[in-house]
Amino acid sequence: MIEPTPTAPPVALTIAGSDSGGGAGIQADLSTFTAHDVFGASAITAVTAQHTRGVESSHVLSREAVAAQFDAVADDFAVGAAKTGMLATADIVELVAERASSVAFPLVVDPVMVATSGDRLLDRDAEAAYEALIAEATVVTPNADEATVLTDVEIADVADAVAAGRELLTLGVDAALVKGGHVPGETVTDVLVADPNAVDPDAGASGVDISRDDGAIVATFEHERVDTDATHGSGCTFSAAIAARLARGEDLLEAVGDATDFVARAIEAHYDVGRGPGAVNPQADRRSIE
C-alpha cells in the first residue's frame, strides 16, 4: 500500500472570467498559480466564448453566484492572496470591493477593460465602480490604456506612467503598477509607484531602478521587447504571478520584479496554438520561480 505524501502549498484565489480558448482569464491564472507551486481557487464572474483571435460572446454570472463562490473559498481555505480579472459589470465590481474590505489577504486588481484583440470586456458603467475596488487593493496593475481610463493621464513615457501611478495612489491603493507593453519602443518599461509604507526598497532585485519621488517609492522594471503578437493572456498571467508570489510571502516589490521576469519568459516561449497569434505560456520555465 502506498503511503500518502500530502503537501500544503500556499493558496491563491482568482476572481475572473473563463476563457474557452484557455489562454487568458481563469485558465491562465490557474496555470500561473501551478507554475508557482501555489494551489489555485477560483470565483468565475463570466463565461466567454473566445479564442486567440477575439471574443465571440460573453455570459455574465449573477452577483449571487459570484458571491457564493467567493464565500465558499474564503470559508474553507487559508487564502494567501487574491487577484481580479474580468469583472464585467458594476454590480460585480461593487461586490468584490465589499468582500475585499472584509478580508486580510493581499489583493491584486487587474482592471481588465479591453482584451488584447480589442474586444471590450467591461461595461462602461463599471469603470466608475472601480475606484472603490482599487481603494481595497494592495496593487492595481493597469496597462497604459487602462491607466488612461482610470486617471485621464495619457501614457507616452515613464514620466506619464509615474504621474498616472500617483493619481491611482490617491484612491487609497498601496501601489500602482502601470504596465508598458502598450507603449511603443524597443524596450518595455513597467513602472511601480508605491506608498513607502507598502514596500521594502531593499527587497527589490538587483538592476531595478528604485527612487523616492515626493513621498512615493518609484521602481522601474525594464525588459527588451519580444518581437511577437502572441500576447494573449499576458496581463492575466502577470497579475496572477504577482498574486502567487504574494501568497508565497514575498514583499510586494520583490513579487512585482519577479513577476515581470516571469511574464517576459512566458511571452518569449509562447504557445503557438490557434489560428491567431498564439498565447503566452505560463509553464515556459518552472525554474523561474526558484
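**Fold, long-range contacts and charged groups**

A24 is buried, with a relative accessible area of 9%. This value, like the others reported here, was computed from a predicted model. The residue sits in the loop that joins strand 1 (11–19) to helix 1 (25–35). Its C-alpha atom lies 6.1 Å from that of C236, although A24 and C236 are 212 residues apart along the chain. A24 counts as buried because its relative accessible area of 9% falls under the 20% cut-off.

The secondary structure of the protein consists of 8 helices and 10 strands. The radius of gyration is 18 Å, close to the 19 Å given by the globule rule for 290 residues, so the protein is as compact as a globular protein of that length. Along the principal axes, the C-alpha atoms occupy a box of roughly 60 × 45 × 45 Å. Of the 290 residues, 52% are buried.

Two further residues were examined for contacts between separate positions of the chain. L13 is placed in strand 1 and is buried, at 1% relative accessible area. The C-alpha atoms of L13 and T84 are separated by 8.5 Å in space, with their positions 71 residues apart in sequence. A266 belongs to helix 8 (residues 252–268). With a relative accessibility of 1%, A266 is likewise classed as buried. The C-alpha atom of A266 is 7.2 Å from that of Q283, and A266 and Q283 are 17 residues apart along the chain.

Side chains of opposite charge can pair when their charged atoms come close. The structure contains 7 salt bridges. In one of them, R63 is paired with E98, and the closest N and O atoms are 2.8 Å apart. R63 is located in helix 2 (residues 63–76) and E98 in helix 3 (residues 90–100), so this pair ties together parts that are 35 residues apart in sequence. R63 is partly exposed, with a relative accessible area of 23%. E98 is also partly exposed, with a relative accessibility of 41%. R63 and E98 are joined by D91 in a network of salt bridges.

A salt bridge is also formed between D110 and K179, where the closest N and O atoms are 3.9 Å apart. D110 lies in the loop between strand 5 (107–109) and helix 4 (124–135), whereas K179 lies in the loop between strand 7 (175–178) and strand 8 (187–194), so the pair ties together parts that are 69 residues apart in sequence. D110 and K179 are both buried.

R245 and D258 make up another salt bridge, with a distance of 3.3 Å between the closest N and O atoms. This pair links distant parts of the chain, with R245 in helix 7 (residues 234–247) and D258 in helix 8, 13 residues apart. The helix that holds D258 also holds A266, since helix 8 covers residues 252–268. R245 is buried, at 1% relative accessible area. D258, in contrast, is partly exposed, at 21% relative accessible area; this value places D258 outside the buried class because that class is limited to values under 20%.

On the surface, D145, D152, E154 and E167 form a negative patch. D152, a member of this patch, is found in the loop between helix 5 (144–151) and helix 6 (158–169). D152 is exposed, with a relative accessible area of 70%, and is assigned to that class because the cut-off for exposed residues is over 50%.

The backbone of D152 shows a positive phi near 70°, in a residue other than glycine. D37 is not a glycine either, and has a positive phi of about 55°. D37 is situated in the loop between helix 1 and strand 2 (39–51). At a relative accessibility of 43%, D37 counts as partly exposed, whereas D152 is exposed.

Definitions and conventions: Residues numbered from 1 in each chain as written. Predicted model: local features only at pLDDT ≥ 70, side-chain atom pairs only at ≥ 80, totals over all residues. Heavy atoms only, no water. Patch = residues over 30% accessible without salt bridge, like charges linked within 9 Å, V, L, I, M, F, W, Y side chains within 5 Å. Areas by Shrake-Rupley, 256 points an atom, 1.4 Å probe, with all protein chains shown as cover. Salt bridge = Lys/Arg side-chain N within 4 Å of Asp/Glu carboxyl O. Lys, Arg positive; Asp, Glu negative; His and termini not counted. Charge placed at Lys NZ, Arg CZ, Asp CG, Glu CD. Helix = DSSP H or I, 4+ residues; strand = E, 2+ residues; numbered from the N terminus. Buried < 20%, exposed > 50% of the residue type's maximum accessible area, 1.4 Å probe, protein only. Rg over C-alpha atoms; globule rule 2.2 N^0.38 Å.
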